[in-house]
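Student: I'd like a close look at one part of this model, the hairpin, please. After that, take me outward to whatever else deserves attention.

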Amino acid sequence: MSTAPDIKPSKFIGRPQSRIDGPLKVSGRATYTSDVDLPGMLYAVPVCSTIASGKITSLEFAAAQAMPGVKLILHRGNIGKLYRIPGNSFEDGYVDEQRPPFEDDIIRYYGQYVACVIAETFEAASAAAAAVKVSYEVSEHDVSTTLGVHDDLKVASERGDAANAFEQAPVKIDELYSTPVETHNPIELHATVAHWDGDSYTFYETSQAISNHRGTLVQMLGVPKEKVRVISRYLGSGFGGKLWMWPHSLLAGIATKQMERPVKLVVSRKMMFQNVGHRPTTEQRVRLAANADGKLVSLRHDFLNHSAIADDYAEDCGEATPSMYSTKNLRVTGGTVKRNVGSPTSMRGPGAVPGLFAIESAMDELAIALEIDPVQLRLLNEPKVDESSGLPFSSRHLVECLQTGAEKFGWSKRTPEVGSMKRDGLTLGWGVGACSWPGLRFSAEASVDLRADGTARVACGTQDIGTGTYTILAQLVAEHTGIALDKIEVGLGDTALPIGPISGGSAATASVIPAVSDATRAAVKMLLSRAVSAFEGAKEEDLAMTSGFVHRKQDAPERGVPYAQILEAANMHAASGSASAKGGFNDPLKKKWSIHSYGAHFAEVTWEPETARLRVSRVVTVIDGGKILNPRAGRNQVEGAVMMGVGMALFEHTTYDPRTGAPINSNFADYVMATHADAPKLDVTFLDHPDTVFNELGARGIAEIGLAGIAAAITGAVHHATGVRVRKLPVMIEDLLG
Ligand code: MOS
């Protein structure tokens with residue numbers, strides 16, 4: 001095992017740092033969107049359709065209108081003109097549900113908004129919403145989760161002749177895997193507080209992408225950019241569900257303008273299952289073929305996901321497939337199938353998470369067919385370059401992830417026969433799954449002020465979804481200046497700030513590193529240019545800033561001058577810098593390098609056949625995510641992802657009632673997620689190899705990768721314990737009763 005080369009000794013980067021916004025949150029002083037309370041505020045409650053397909057024939061408002069406190073009922077007749085986004089570009093406004101609310105009378109999914117009541121109180125609005133009578137002409141709907149994956153889908157990646165190589169090979173696997181609809185369930189509900197002040201709008205939002213949110217509002221409302229400000233200071237997580245705007249934000253925006261009063265709309269937990277996206281169900285056929293020595297000779301991956309009637313969200317299950325393993329012959333194809341459901345959307349690790357469930361499960365099945373250890377099978381098929389593009393990997397340590405994980409887990413003690421391992425009267429199952437997630441970065445702007453009162457401020461219009469972005473920004477400024485973290489104020493979550501990246505794609509950290517670092521260096525440069533007079537005979541280039549002191553480079557920092565004194569002497573309020581950095585899906589770096597994070601999960605389950613009790617008892621995860629800037633927050637992320645993986649493997653699935661088309665388990669009692677009581681013993685290791693191709697600190701991303709591969713490790717362990725191979729998630733107890 002090689003050891004990680006460190007960039008340079010650092011006081012701030014790579015240290016396990018508590019979140020600087022932690023005290024605000026645990027003391028209840030962090031204001032989340034639904035906490036925003038403005039004078040004269042009204043409350044909006046949408047009316048949702050109770051059919052999944054058809055047409056509205058009438059809406060009766062008389063009774064609702066007459067109820068106390070009701071101010072307005074928005075519907076197709078009075079909502080006014082809303083616009084679709086031409087092109088739906090990721091740069092200036094992207095949405096998954098492109099249809100503006102009430103655009104037509106057609107109902108395409110259960111729960112679709114058909115009207116919206118605005119009243120003096122939430123209770124009054126709720127009661128009136130329930131009193132709106134809607135009549136429908138009902139058509140047949142389709143919410144079936146059987147998709148019918150076939151051979152003629154769109155080719156996403158191809159090399160060699162996968163079909164022929166498959167035919168010729170001595171050992172093969174050909175299986176169908178499927179993953180269910182999963183619903184994002186952050187504790188914080190989606191919410192909008194919209195405020196039209198007579199001239200412009202302010203939207204307090206639960207948004208993982210305020211800049212995109214503004215771009216979407218601007219286009220769909222048809223108003224100038226400078227008239228819309230979006231604020232999202234604290235988020236109770238999002239998991240991708242809060243990346244793109246959903247129609248409720250527009251309803252609140254229309255209502256505040258019409259009423260000339262602020263309007264709050266909080267999406268209910270039930271609506272969270274209907275109106276703000278979900279991970280679509282997927283069906284994936286995987287064909288693997290190998291020679292008897294374990295060398296892969298053919299890999300085929302064909303996948304479908306369901307999508308909405310009016311939109312075409314594609315879950316790219318084949319994202320990781322072409323570069324995961326070495327094989328001469330490969331074919332990856334995909335497509336979508338229309339269902340009467342709200343639009344699916346990105347959910348933690350979109351594409352790779354369901355995709356790697358299938359691929360890693362198939363690898364486990366192939367290992368069994370070959371009678372080769374599943375870790376060994378992966379090591380045997382480790383590629384030297386990204387075989388889908390021929391590009392070199394910027395930094396890939398999957399082999400080390402597998403080896404380190406195997407060692408920590410005690411994998412060498414595994415006996416492969418089903419049910420052969422016991423402990424304390426329980427049957428043990430051990431499984432493994434590898435994972436990958438692309439290294440992404442988006443454009444970012446940032447500004448930094450080093451202030452005469454001895455504090456600093458850094459601003460970037462990105463968001464902190466609970467993962468530690470406030471802290472990372474402070475760490476970056478501290479790294480370049482030595483100013484203590486508690487003296488650094490961080491501004492984010494406001495479109496009035498320099499434009500920041502989305503909090504998505506595990507890309508926020510890598511996106512802010514160059515802009516914030518350059519802005520800090522620019523501020524320091526300005527400071528040093530003013531410091532020259534304090535150091536006789538010194539030129540700017542002889543000076544440096546360390547530990548908050550300006551000093552001659554050859555001297556210890558404390559022999560210099562506190563930077564605040566330099567500013568005071570220069571009669572300056574602050575030394576400031578700003579910078580921007582480019583990124584995006586067309587990042588030129590991606591033409592030269594294959595950039596991904598990697599990892600391996602080792603899972604242990606315990607099985608009691610007498611009572612059909614299955615538990616995940618232990619997980620060892622090793623992640624190669626580049627340099628980890630804050631190992632404490634980073635470990636939290638991966639632990640959370642593994643817990644989500646326990647839920648993915650054993651519990652989570654949104655069920656649609658075939659009669660009504662409604663997601664019927666749309667509450668916390670019936671939609672089962674992994675909780676503390678389900679937590680295995682978690683052991684997370686970061687390899688911490690800096691990816692300096694990607695950025696100066698070598699950080700990639702770690703938010704999503706932890707959820708990829710874990711479900712396959714768990715179902716592999718379930719097979720090892722019980723002999724039952726579950727290819728359709730989640731594992732149900734019924735599956736194991738043989
Ligand atoms: Mo993530 S699904 O990009 O929030």
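Tutor: Let's begin with a term: two strands pair if DSSP finds at least two bridges between them. With that in hand, bear in mind that what you see is a predicted model.

The hairpin is formed by strand 18 and strand 19, with four residues between them. In its turn, G454 has a positive phi of about 85°. Strand 18 covers residues 444–451, while strand 19 covers residues 456–459. The pairing of these two is antiparallel and runs over four bridges. If you want one bridge to click on, take L450, whose partner in strand 19 is A456.

Strand 18 has another partner in strand 24, residues 574–581. That pairing is antiparallel too, and it counts eight bridges. At R451, the residue standing opposite in strand 24 is A574.

From the hairpin we can move along the chain to another non-helical stretch. S506 sits in the loop between strand 20 (488–491) and helix 13. S506 is not a glycine, yet its phi is positive, at about 55°. Its relative accessibility is 13%, so S506 counts as buried, the cut-off being under 20%. D688 is another non-glycine with a positive phi, here about 65°. The loop that holds D688 runs between strand 27 (681–686) and helix 16. With a relative accessible area of 21%, D688 is partly exposed.

Helix 16 (710–722) also borders the loop that contains P730, with helix 17 (733–736) on the other side. The peptide bond from L729 to P730 is cis, with omega near -10°, a detail to keep in mind when you set up restraints or check geometry.

Now for a sheet. Strands 21, 22 and 23 make an open sheet in the order 21-22-23, paired antiparallel. Its edges are strand 21 (543–546) and strand 23 (561–562), each of which pairs on one side only. Helix 13, residues 508–531, packs on this sheet and touches strand 21 and strand 22. The direction of helix 13 makes about 125° with that of strand 21. Between strand 22 (residues 549–552) and strand 23 there are two bridges, in the antiparallel sense. There, F549 stands opposite P562 of strand 23.

Strand 5 (residues 113–119) gives us an enclosed case. Seven of its seven residues are buried, so strand 5 is largely enclosed by the rest of the structure. Strand 1 (residues 42–48) pairs with strand 5 antiparallel over six bridges, and Y43 has A119 as its bridge partner there. Strand 3 (residues 70–74) pairs with strand 5 as well, antiparallel over four bridges. In that pairing, I73 is matched with V117 in strand 5.

Strand 7 (residues 154–159) contains S157. S157 is buried, with a relative accessible area of 14%. Leaving aside residues up to four places away in sequence, S157 touches P322, L330, R331, V332 and S388. For a long-range pairing of another kind, look at G640 in helix 15 (residues 631–650). The C-alpha atoms of G640 and G706 are separated by 8.1 Å, although the two are 66 residues apart along the chain. G640 is partly exposed, at 31% relative accessibility.

Finally, the empty space. Rolling a probe the size of a water molecule over the atoms shows where it is left. The structure holds four cavities of 30 Å³ or more. The largest has a volume of about 80 Å³. Its lining includes E97, R99, R108, D311 and Y109, and the lining divides into four nonpolar, three polar and four charged residues. About 60 Å³ lies in the second largest cavity. Among its lining residues are H190, H213, H248, W244 and W246. That lining splits into four nonpolar, five polar and two charged residues.

Methods
Residues numbered from 1 in each chain as written. Predicted model: local features only at pLDDT ≥ 70, side-chain atom pairs only at ≥ 80, totals over all residues. Heavy atoms only, no water. 1 Å grid on protein atoms, 1.4 Å probe; cavity = no way out; pocket = protein on both sides within 12 Å on 5 of 7 lines; lining within 4 Å. Points joined across faces, edges and corners; volume = space filled by probe spheres on them. Nonpolar A, V, L, I, M, F, W, Y, C, P; charged D, E, K, R; others polar. Buried < 20%, exposed > 50% of the residue type's maximum accessible area, 1.4 Å probe, protein only. Contact = heavy atoms within 4.5 Å. Axes fitted to C-alpha atoms, helices over the stretch in contact; angles between N-to-C directions.
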